[in-house]
Amino acid sequence: ISETLRPVLPSTRCFTLWSIACEAAAGCESLFEYLHWLPMDRIGAPDFYPKLSRDMSSLDQRNLIYPIKEGLYVHLFPDPKGERDRYVPIEPHLTVNIAEIVSQVELKLFDFVEKIGAAETPEEKQAELLKAIDQSVSTNGAGPDKIHVTPREMDALRYYLVREKIGFALLSPFLLDPNIEDISCSGVGFIFIEKPARAAIRALC
């Protein structure tokens, strides 16, 4: 392992880029794609931490990826143009362009509005929404009235629509991160979060 990939905190359970690739290979395709998309020549290779600790607040610079709830990951790295770190939720739709597909599917979902709306709990609404998506979209080319997508696009689509229609939209991944103590946004603009013993962090989402 080159010096640039060595853990910056030997006393903390920290793994390098190889461990992140192993995590991605274990089933998180969005993390794998994000690593390929990441401009490591400019920001460096991130380290992987299975769990954050307060000891990490003493780091001068942090470039790391760690898991949060529901199989998602977060990339935290220094902002070269500012004093705050940047916080990037690595979500399934981050590296897949589904904007046009979403518009088409939303038109199809009008036929299921009453059934989804009649569900009482968020879990029931999510289940009905996913059923509606499955009836409107196909990954194998079957169904002349269905929208045809790739399996990767389907994963991103299901996550994004649940996040937007049932969840808390852009705020959803922040609420899944137990390391966050406070979330704020002054009008239209960046979202800022507070972590233990750390200055405000600017979120990119």
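Two strands are taken to pair if DSSP finds at least two bridges between them. In this predicted model, strands β3 and β4 meet that condition, with 6 bridges joining them. β3 covers residues 73-78 and runs antiparallel to β4, and the two strands form a hairpin with 6 residues between them. A convenient place to pick up the pairing is Pro78, whose bridge partner in β4 is Asp85. Strand β4 itself spans residues 85-90 and is mostly covered, with 5 of its 6 residues buried.

The hairpin belongs to a protein chain of 205 residues, 41% of which are buried. The secondary structure of the chain amounts to 8 helices and 9 strands. If contacts between residues at least 6 apart in sequence are considered, 51% of them join residues at least 24 apart. The accessible surface of the chain is about 11,900 Å², and carbon and sulfur atoms account for 53% of that area.

Turning to the interior, the largest nonpolar core holds 20 residues. Within this core, the residues touching the most other members are Val105, Leu109, Leu129, Ile133, Val137, Leu157 and Leu161. Three helices, α4, α6 (122-136) and α7 (151-165), each supply at least two residues of the core, and the largest share, 5 residues, comes from α7. Leu109 gives a helpful view of the packing: leaving aside residues up to four places away in sequence, Leu109 touches Leu129, Ala132, Ile133 and Leu161. A second core, separate from the one just described, contains 17 residues, among them Leu64, Tyr66, Tyr87 and Ile180.

Helix α4 also leads the reader back to the outside of the model. This helix runs over residues 99-109 and includes Leu107. Is Leu107 buried or exposed? Leu107 counts as exposed because its relative accessibility is 59%, and the cut-off for exposed residues is over 50%. Together with Phe110 and Val113, Leu107 makes a nonpolar surface patch of about 340 Å². Helix α4 thus offers two views to compare: α4 supplies at least two residues of the largest core, while Leu107, found in that helix, takes part in the surface patch.

Methods: Residues are numbered from 1 along each chain as its sequence is written. This is a predicted model: local features need pLDDT of at least 70, side-chain atom pairs count only at pLDDT 80 or more; totals for chains, interfaces and linings use all residues. Side-chain values use heavy atoms; hydrogens and water are left out. Helices (H or I, at least four residues) and strands (E, at least two) are DSSP runs, numbered from the N terminus. Buried means under 20% relative accessible area, exposed over 50%, partly exposed in between (1.4 Å probe, protein chains only). Contact means heavy atoms within 4.5 Å. Accessible areas come from the Shrake-Rupley method with a 1.4 Å probe; for residues, only the protein chains shown count as cover. Patches are made of residues with over 30% relative accessible area and no salt bridge: like charges are joined within 9 Å, nonpolar side chains (Val, Leu, Ile, Met, Phe, Trp, Tyr) within 5 Å. A salt bridge is a side-chain nitrogen of Lys or Arg within 4 Å of a carboxyl oxygen of Asp or Glu. A nonpolar core is a set of buried Ala, Val, Leu, Ile, Met, Phe, Trp, Tyr and Cys residues joined through side-chain atoms within 4.5 Å.
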